[in-house]
Structure formats: C-alpha cells, structure tokens
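Hi there,

Here is the structure I promised to hand over. Have a look at it first, and then read on for what turned up.

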Amino acid sequence: MNRRLLFVFLLSVLNISVFHAQQKREFRAAWIQCVNGQFIGLGTEGMQQTLRSQLDEMQRDGVNAVIFQVRAECDALYQSNYEPWSRFLTGQQGVAPQPYWDPLKWMIDECHKRGMELHAWINPYRAKTKTTSVLASSHIANTNPERVFQYDNQYILNPGQPENREYICKIATDITRRYDIDGFHIDDYFYPYPAPGQTIPDDKEFQKYNNGIKDRGDWRRYNVNLFVKQLSDSIHAVKPWVKFGVSPFGIYRNKKSSPIGSQTSGLQNYDDLYADVLLWVNNGWVDYCVPQLYWQVGHSSADYEELIKWWNKYASNRPLYIGEDVERTVKFADPQNPQSNQLPYKRRLHDEMKNVDGTVLWYAKSFVDNIGNYATTMRTTYWRNPALQPLMPFIDSKAPKKPRGVKPVWTKDGYVLFWRAPKGKNWDDVASKYVVYRFNNGEDIDISNPSKIVSITPETFYKLPYEDGKTKYTYIVTALDKMSNESKIVKKKIKL
C-alpha cells in the first residue's frame, strides 16, 4: 500500500472511530449560574439577550440540557410567594425586575423551543452568600432568625432543625408544581465548607433531635439524608417525571478515611460536608448524580483520572454525569501529548467509562465564549451529532405510541413534513418531542446511528431541504415521552 493510500485508510479509520464514539443517548448540559453577578445591571432586555445568545450557541454546539440557578440564597429568580426576588437578578433583594418578567418561566420556554431540557437549580441551605450585605425584610433570616446560623460570613439554614427540611421541600414543591421543569437540581452546599476557626453552632439541635445518635458527624449526615429523601419524595409526589439530580463535591472519601475511598487527599463529602452521596445513589433517592470533577488530570491531591474511575465504579446505580471545568480543561496540557490541552484525554476517559452517561459543563459562559476552542471542538468532534437524553427506566420504561399521519405537504414556506401526536392520556404515554431521521435511498434503516438524526423537536413538523425533486430519501419520525422513551418508527419516502 503506497503512502497516499495508507494515509486515506488511516484517515477513514480515524473518522470511523470518532463516529462510533458518538452516543445516541447522552446528557450534554451546562450550568448557568447567577451567583457570580453576571446578570446584575443588565435589566430585563439585556439579560434576555445574554441568555438567548448563550442558548443559541449551546444549541449549535450540541448541548441538550441547561441547569439554571434560580435560588442562590433563599431568594428567587422566579415569581415566589415565599421568598424575595434575588439581588442577583435586580441588584437589590426583594425588588421585582422592571419591566417585569419571570426568568425561570422564560428560560423553560426558550429551552423547550430548542429541544433542550431545563433543570431548576437551587442551593438548599445557604441563606446568605459572603458578598451579600443587605437582606430584604421578607427574607427568612429576618423573619425567622432562629432558623439560620452564621458561618464564615454566610448564613446557613440549620440542617439540624426539622422545620428547615419542611421549608426547603415546600419551596421545591412550589417550583415543581407551577413550572414545566424537566429536572430539579441541588449542588454541593449542605453543611458549610469547613473554614479555619469556625464552628457549626448546633449544640442545641444535637441535644434536642439526636434521635439516639451519639456521634455528631453521624447525626449531621442523618439530617442531610433525611432531607435528600424527603426532597426526592416531595418532587416526585407532584410530578413523577421531574428528574431529581445532585451535584456533589468531587471527592466522596479519601483512601486514608475509608477502604473504598479514592487515592486523593482533598476535602471529603462524607466527612467534611456530611453528605453521604453513595447512600443516596444506591438507595435511588436521586435520579442522577453529577460529581464536580473540576481538577485536571495529574492534579496532586485530586487527580481527574483517578476520580472519574472511582465514580464510575461506585456510583453506577443511577445515571452518572461528570461535572467538567471548561477553563481548567483547556489550561493544562495532555499528559500524553504536551502539544494538546486535556480535552481529548478527558473525552477518551469518558468513552472508556461504561457507567458515565454525560457531561455538565462549568460553566455556560466559559463554554459559549469558546475558551481554548472548547466549544468548537465539541461541536465538530464529540457532539457533532444530536443526542437523546439517557433513559431512566426506574421512573418509566414504556414507550409512547408512534406519530400519526406523517405526510409531506407543500406550503407557502416550502416543503414541510407534518405529523400528528400519538394518542396518550397520562404523563407516561404522552409524546413531548419527536425525532426525525434521514436515510439515503436503499440505505439500511438503523435508528441507533445518531448521525442520521436531523432534528429533535417539540414541534409536529419539519421543514424539508428541497432541491430539485430528483433524489430519493427515507425519512423516519418517532415520538419521545417525558422520559425520552422512543416509539416505533414511521417511514415516509420523499423525493427532494
């Protein structure tokens, strides 16, 4: 084989390997946070313009879900009857946006138009961040000061008080009932991150509510466990299809603390934040888990490769997605190829981990700003084909019926493929989205191949790319329910 033929052969092998690395089902999300102040001062129109441009770019780059921060410090980026408007929205806590709008409702509509899921993200216990100096009179720290404690210039809803569990679940139930969210998301703020010279003031609660538990650490974990189970039950009691996810700190326990710990030496969920994440995953109290593996491969105390392998091994009872730091990924060199950043290395690790079903990017702005060419690489290589959401058969495994009346029609806007929704009565058999595939004439119909997907849409139509009517194609339309179970196919042969 001459050099030219060898090069073409190797190139085709490379393309095939990249093609096969594409997953038909994959959670591809990004966090949009408010707590960094990125929206303060923008006003209604400016914030909508910023969010719209971020969503457009993420849609181009393959993102299929957004995790949007709506409650950072017992406040609200949505219309709440219980908590004040967030200062991260208007600049002053308790002041409604002008012109008035509801960011959560708006984001749900914008994401759904783009075929994306919207997961509402709250910080459950944090009542005041370090940068906030003035709280609204209606804020819980003012109306019920006995319910919070001060720690490292923050206010924390005391996890040892049962009424605080009830309160947070009331907030979650309210959001879930009133908004068409696809997921409900909490992050890694349980008991506060340890700070030098600071003590958690919960002696009174420990004496009153210890339930016979002698060890303070075990009792604190017990409090958080009760909360997570209660929150999960509260959400699913209102809407069983809303996916409850948690994004814990990236280290569960170090090896020196537990035989099953990772070969790391950093802060620990179990020991320092009193968060027994594996218990929640193994008991099915959460629907997905996103450990924050923000470090680089080769980090001295929290090596990324060690940690993704650890989570893949121990947290497989529920869908596992990896929290990725965009900036750190492109800042550090690939240990096997100093000419490259670490993105290709990390993506190889993802492909090797059989229990890793997706990625959540920290954070959306750094992604859409295309730092280190990250977004372009995802769009052209790793996420170049659309992806459906991972299945969650523990919530629902039954597929909806197939679309009806699939037919191409000439309209004033061009040649359009129309269909009707299948019949369905309950939340678990109603179609919420549709998948459109295209195959060349005579080509085998294989809907497991994501490169054949031309659209994932909430609409019941798809505009066809008509040219001269001389080329035959086979179009396939399927229906997806709220849990992304896929119906049987409907075929339609069309000349374009």
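In which loop is the place of Tyr363? Tyr363 sits in the loop between strand E13 (356–362) and helix H14 (364–368). I start there because the backbone at that spot deserves your attention when you set up your own checks: the peptide bond from Trp362 to Tyr363 is cis, with omega near -5 degrees. Please keep in mind throughout that this is a predicted model.

There is a cis bond to a proline to look at as well. Gln98 and Pro99 are joined by a cis peptide bond whose omega is about -10 degrees. Pro99 belongs to the loop between helix H3 (87–90) and helix H4 (103–113).

Next come two residues with a positive phi, neither of them a glycine. For Asp152, phi is near 55 degrees, and this residue lies in the loop between strand E5 (148–151) and strand E6 (154–157). Asn211 also has phi near 55 degrees, but its loop runs between helix H7 (203–209) and helix H8 (216–238).

How do these two stand with respect to solvent, exposed or partly exposed? Asp152 has a relative accessible area of 25%, so it falls in the partly exposed class, which covers values between 20% and 50%. Asn211 reaches 56% relative accessibility and therefore counts as exposed, the cut-off being over 50%.

Now for the overall picture. The protein contains 15 helices and 20 strands. Its C-alpha trace spans about 80 × 55 × 45 Å along the principal axes. What radius of gyration would a compact globule of 496 residues have? The expected value is near 23 Å, and the protein has 24 Å, so the two agree.

On packing, buried residues account for 56% of the 496 residues. If you take the contacts between residues at least 6 apart in sequence, 71% of them join residues at least 24 apart.

As for the surface, the accessible area comes to about 21600 Å², and carbon and sulfur atoms hold 48% of that. Should you be thinking about electrostatics, the protein carries 65 positive and 54 negative side chains. The centres of those two sets lie 7 Å apart.

That is the tour for now. Happy to talk any of it through whenever suits you.

Best wishes

Conventions: Residues numbered from 1 in each chain as written. Predicted model: local features only at pLDDT ≥ 70, side-chain atom pairs only at ≥ 80, totals over all residues. Heavy atoms only, no water. Helix = DSSP H or I, 4+ residues; strand = E, 2+ residues; numbered from the N terminus. Rg over C-alpha atoms; globule rule 2.2 N^0.38 Å. Buried < 20%, exposed > 50% of the residue type's maximum accessible area, 1.4 Å probe, protein only. Contact = heavy atoms within 4.5 Å. Areas by Shrake-Rupley, 256 points an atom, 1.4 Å probe, with all protein chains shown as cover. Lys, Arg positive; Asp, Glu negative; His and termini not counted. Charge placed at Lys NZ, Arg CZ, Asp CG, Glu CD.
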